[in-house]
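User: I would like to work through the strand pairing, the nonpolar cores and one histidine environment of the model shown below. Please reason briefly before each answer.

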Amino acid sequence: MRSVQSPIIPVVADLIRQHPGTISLGQGVVGYGPPPEAVAQIQRFLTDPENHKYKPVVGLAELLAAFEDKLKAENGIALGPENRLVITAGGNMAFMNAVLAITDPGDEIILQTPYYFNHEMAITMASCLPVLVATDKNYQLQPDAIRRALTPRTRAVVTISPNNPTGAVFPEAALREVNAICAERGLYHIHDEAYEYFVYDGARHFSPGSIPGAAAHTISLYSLSKAYGLASWRIGAMVIPERLLTPVHKIQDTILICAPVISQFAAVGALRAGAAYCREKLKAIGEVREVVLSQLDTLGSRCEVPTARGAFYFLLRVRPELDAMQLTDRLIREHRVAVIPGTAFGLTQGCYLRVAYAALHKESAAEGIGRLVRGLKKILGDTDL
């Protein structure tokens with residue numbers, strides 16, 4: 001465990017608590033809560049004393065059926081003899097289940113850099129090696145680089161689209177190529193779709209699990225935390241090749257038994273509300289996004305903002321190259337605005353900051369991003385940082 005990086009979110013949260021009035025552009029959460037249909041399920045849960053007991057490891061039948069309908073209608077993924085659906089306590093647990101199910105100690109899993117830090121942490125916890133493959137200057141996949149990184153110990157290639165931390169949306173052609181590489185080499189393609197509804201400017205989300213023949217080697221991860229405002233309820237799901245069901249069952253039964261049953265009831269209600277609930281909120285998030293973009297544009301050459309047409313993040317390249325954690329600390333202490341340093345995402349060369357904007361309303365976004373821009377302009381003019 002000493003080799004596992006400490007999660008950055010609690011570190012930044014502690015700094016925020018020490019400096020009251022700080023506006024957070026740090027943690028990736030939405031500013032809205034669950035739909036009424038989800039809340040309405042709580043009373044239904046409470047009417048049956050049996051609901052206070054353990055339930056099936058893979059999930060409630062009602063929720064499995066609702067999620068199966070969602071997969072077929074929205075993702076083009078049909079469940080059959082080659083794949084299975086498991087309800088998990090959030091997307092992070094789904095990823096941990098996958099890593100433990102497919103690896104032995106010393107195996108390798110390919111991550112794209114910048115990576116989602118909890119993915120890198122999970123691989124290290126499993127006594128495996130995260131192999132880092134750089135994306136291009138716009139944070140897009142480089143399939144040829146992935147091919148070059150393969151070794152006899154490689155077990156999987158991980159992709160996230162829309163992406164955390166970059167906001168990049170990977171095109172269908174690139175995801176198909178990665179999926180084909182995995183099929184050719186007998187590897188798993190682990191694809192995280194937690195931000196599937198958060199796309200802008202004509203971008204389109206694509207699920208590799210929908211590719212004909214992909215079911216046998218594709219692991220698709222989902223979360224209700226973002227789209228349905230259920231972050232604290234801890235509900236996610238994974239679609240896995242059928243042969244992985246037994247190991248995943250062992251892992252989840254040992255660590256969790258079953259996802260919180262009250263949360264599974266809420267998830268049934270959320271899926272009844274459907275994707276329209278999230279898409280209704282996207283208009284306001286899109287307006288906040290435009291405010292953030294227009295303000296960041298005033299930084300000029302001090303900061304580069306690569307294209308980000310998904311999720312709710314911008315990953316800034318700051319010039320000159322300062323220490324990202326020290327810069328984050330100063331922004332909180334001196335300017336009362338919090339971001340996440342790029343070092344948490346594996347970016348050790350250069351200075352990067354992740355800006356998250358979905359938790360803010362238009363007015364607070366304008367103030368928060370204004371503080372960030374003013375702070376960067378002032379700090380980048382200092383010579384003693």
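User: How many bridges join strand S2 to strand S8?
Analyst: In this predicted model, S2 spans residues 83-88 and S8 spans residues 236-241. The two strands run antiparallel, and Leu-85 stands opposite Val-239 in S8. The number of bridges joining S2 to S8 is 6.

User: Is strand S2 largely enclosed or exposed?
Analyst: A residue counts as buried under 20% relative accessible area. Of the 6 residues of S2, 5 are buried, so the rest of the structure leaves this strand largely enclosed.
 
User: Which strands lie at the edges of the open sheet that contains S10 and S13?
Analyst: The open sheet has 4 strands with antiparallel pairing, in the order S9-S10-S13-S12. Within it, S10 (residues 313-318) and S13 (residues 351-356) are joined by 6 bridges, and Leu-316 stands opposite Leu-353 in S13. An edge strand pairs on one side only, which is the case for S9 (303-304) and S12 (340-341).

User: Which residues touch the most other members of the largest nonpolar core?
Analyst: In soluble globular proteins, nonpolar side chains tend to be buried together. The largest nonpolar core here holds 118 residues, and its largest share, 9 residues, comes from helix H10 (residues 275-296). A second, separate core has 24 residues, including Leu-141 and Phe-170. In the largest core, the residues touching the most other members are Phe-198, Ile-219 and Leu-372.

User: Which residue of strand S8 listed opposite Leu-85 does Ile-219 also touch?
Analyst: Beyond four places away in sequence, Ile-219 touches residues including Ala-98, Tyr-188, Met-238, Val-239 and Ile-240. The residue of S8 that stands opposite Leu-85 is Val-239.

User: Is His-189 buried or exposed?
Analyst: His-189 lies in strand S6 (residues 188-192). Among the residues it touches beyond four places in sequence are Val-157, Leu-175, Pro-208 and Ile-219. Because its relative accessibility is 0%, His-189 counts as buried.

User: Which side chains make polar contacts with the side chain of His-189?
Analyst: One polar contact, at 2.7 Å, links the side chain of His-189 to that of Thr-159. Another, at 3.0 Å, joins the His-189 side chain to Asn-179. Both partners also appear among the residues that His-189 touches. The side chains asked for are those of Thr-159 and Asn-179.

Conventions. Residues numbered from 1 in each chain as written. Predicted model: local features only at pLDDT ≥ 70, side-chain atom pairs only at ≥ 80, totals over all residues. Heavy atoms only, no water. Buried < 20%, exposed > 50% of the residue type's maximum accessible area, 1.4 Å probe, protein only. Polar contact = N/O pair within 3.5 Å; in protein donor to acceptor, adjacent residues only side chain to side chain. Contact = heavy atoms within 4.5 Å. Core = buried A, V, L, I, M, F, W, Y, C linked by side-chain atoms within 4.5 Å. Pairing = 2+ DSSP bridges.
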